[in-house]
Amino acid sequence: MKTSSIESILSSDFLVSASLRPMTDKDLERVYRWRTDPRTLKRANDPSDFSFEEHLGWWENTPKLLKLVFEYGGKPAGVILYDNETRYWGFYLNPKNSSRKGLGRIMLSLFMPIAKSLKIKTIKATVKLDNYASRALHEILGFRTIHFSTFALEYQKEL
Ligand SMILES: CC(C)(COP(=O)(O)OP(=O)(O)OC[C@H]1O[C@@H](n2cnc3c(N)ncnc32)[C@H](O)[C@@H]1OP(=O)(O)O)[C@@H](O)C(=O)NCCC(=O)NCCS
C-alpha cells in the first residue's frame with residue numbers, strides 16, 4: 001500500500017471505534033444538555049424545556065426504559081431510548097456534533113443487532129414531517145410508514 005493511501009485511511013473515520021453502552025448516572029448532565037438543546041427540542045415530540053431536577057426524576061422513575069449511550073471515537077456522542085412496553089424508540093445526537101454527517105446512521109445501525117439479541121420484535125417511531133434526516137434514516141433502515149398526519153409520520157419495523 002502506498003504511504004499516501006495509509007495516510008488517507010489514518011486521517012479518515014475508517015478506523016474510528018463506534019459502540020453503544022448502557023447509560024449511567026455519569027451521563028446525566030451531558031444527556032440533559034443534549035436533550036434540552038434548542039436543536040434537539042425542536043425535533044422532539046414534546047418540545048417543552050424542562051429542569052435538571054425533572055431530568056433526574058425521569059432517570060429515577062424509568063428503570064425499565066432501555067437507555068443506551070452511543071460512543072464515537074471513544075467519546076459520548078448520542079443516546080437511544082427504547083420503551084419495551086409501548087415499543088417506541090427515540091434518539092438524539094450531541095447537537096455540537098451536528099456538522100459531522102453520518103453519525104445518526106452509525107448509531108441506529110448499531111442498535112439493530114442489539115435489539116435482536118434482546119428479542120425486541122417491533123420498533124415504532126413518531127417523526128415530525130420536517131425532520132428529514134430522521135425520516136431518511138427510518139426509510140434506510142427499512143421502517144414502514146403506518147400512519148401520517150399533518151405534523152408527523154408513524155413508522156414501524158418488525159425485526
Ligand atoms: C436525527 C439525527 C439522529 C440524524 O443524525 P445525522 O447524523 O444528522 O443523520 P445522518 O447524517 O446519518 O443522515 C441520515 C440520512 O438523512 C439524510 N438527510 C439528512 N438531512 C436531510 C434532509 N434535509 N433531507 C433529506 N435527507 C436528509 C442524509 O443524507 C442521510 O442519508 P444517507 O446516509 O443516505 O446520505 C440527528 O439529526 C439528531 O440528533 N436530530 C435531533 C434529534 C432528532 O431529530 N431525533 C429523532 C426524533 S424522531
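**Exercise 1. Determine what share of the residues of the chain counts as buried, and describe the overall build of the chain.**

Solution. Of the 159 residues in the chain, 19% count as buried. The coordinates belong to a predicted model.

Step 1: the inventory of elements. The chain holds six helices and seven strands. Read from the N terminus, these elements follow one another as α-β-α-α-α-β-β-β-α-β-α-β-β.

Step 2: the overall dimensions. The chain has a radius of gyration of 17 Å, close to the 15 Å that the globule rule gives for 159 residues, so it is as compact as a globular protein of that length. The C-alpha trace spans about 55 × 35 × 30 Å along its principal axes.

Step 3: the contacts. Among contacts in the chain with a separation of 6 or more, 54% are between residues 24 or more positions apart.

**Exercise 2. Establish the strand order of the four-stranded sheet and identify the strands at its edges.**

Solution. Step 1: the order. The four strands form an open sheet, arranged β1-β2-β3-β4 with antiparallel pairing. At the edges stand β1 (18-22) and β4, each of which has a single partner strand, so one side of each is left without a neighbour in the sheet. On average, neighbouring strands of this sheet are turned by 25° against each other, direction ignored.

Step 2: the pairing of β2 with β3. Strand β2 (residues 66-72) and strand β3 (residues 75-82) run antiparallel and are joined by seven bridges. V69 stands opposite V79 of β3. The hairpin of β2 and β3 has two residues between the strands, and in this hairpin G73 adopts a positive phi near 60°.

Step 3: the pairing of β3 with β4. Five bridges connect these two strands, which run antiparallel. V79 has Y92 as its bridge partner in β4. Six residues lie between the strands in the hairpin of β3 and β4, where R87 takes a positive phi near 75°.

Step 4: the helix on the sheet. Helix α5 lies across β1, β2, β3 and β4, and runs at about 60° to β1.

**Exercise 3. Carry out the corresponding analysis for the sheet formed by three strands.**

Solution. Step 1: the order. This open sheet has the order β5-β7-β6, and its pairing is antiparallel. β5 and β6 (144-148) stand at the edges, each with a single partner strand, so one side of each is left without a neighbour in the sheet. Its neighbouring strands are turned by 25° against each other on average, direction ignored.

Step 2: the pairing of β6 with β7. Four bridges join β6 to strand β7 (residues 152-158), and the two run antiparallel. H147 finds its bridge partner in E154 of β7.

Step 3: the helix on the sheet. Helix α6 lies across β5 and β7, running at about 155° to β5.

**Exercise 4. Classify T40 as buried, partly exposed or exposed, and describe its surroundings.**

Solution. Step 1: the location. T40 belongs to helix α3 (residues 38-41).

Step 2: the classification. A residue is buried with 20 or more other C-beta atoms within 10 Å of its own, and exposed with 12 or fewer. T40 has 18 C-beta neighbours inside 10 Å and therefore counts as partly exposed.

Step 3: the contacts. With neighbours within four places in sequence set aside, T40 is in contact with W34, R35, Y92 and P95. Y92 is also the β4 bridge partner of V79.

Step 4: a distance across the sequence. T40 and V127 are 87 residues apart along the chain, and their C-alpha atoms are separated by 13 Å.

**Exercise 5. Determine how many residues surround the ligand and which elements supply them.**

Solution. Step 1: the count. The ligand is surrounded by 19 residues, of which R43, G104, R105, Y132 and A136 are the closest.

Step 2: the contributing elements. At least two residues of the shell come from each of β4 (89-93), α5 (103-117), β5 (122-128) and α6 (132-140). The most is given by α6, with six residues. This is the helix that lies across β5 and β7, while α5 lies across β1, β2, β3 and β4.

Step 3: the chemical character. The shell comprises 11 nonpolar, five polar and three charged residues.

How values were computed:
Residues numbered from 1 in each chain as written. Predicted model: local features only at pLDDT ≥ 70, side-chain atom pairs only at ≥ 80, totals over all residues. Near = placed C-beta within 6 Å. Nonpolar A, V, L, I, M, F, W, Y, C, P; charged D, E, K, R; others polar. Rg over C-alpha atoms; globule rule 2.2 N^0.38 Å. Contact = placed C-beta atoms within 7 Å. Pairing = 2+ DSSP bridges. Axes fitted to C-alpha atoms, helices over the stretch in contact; angles between N-to-C directions.
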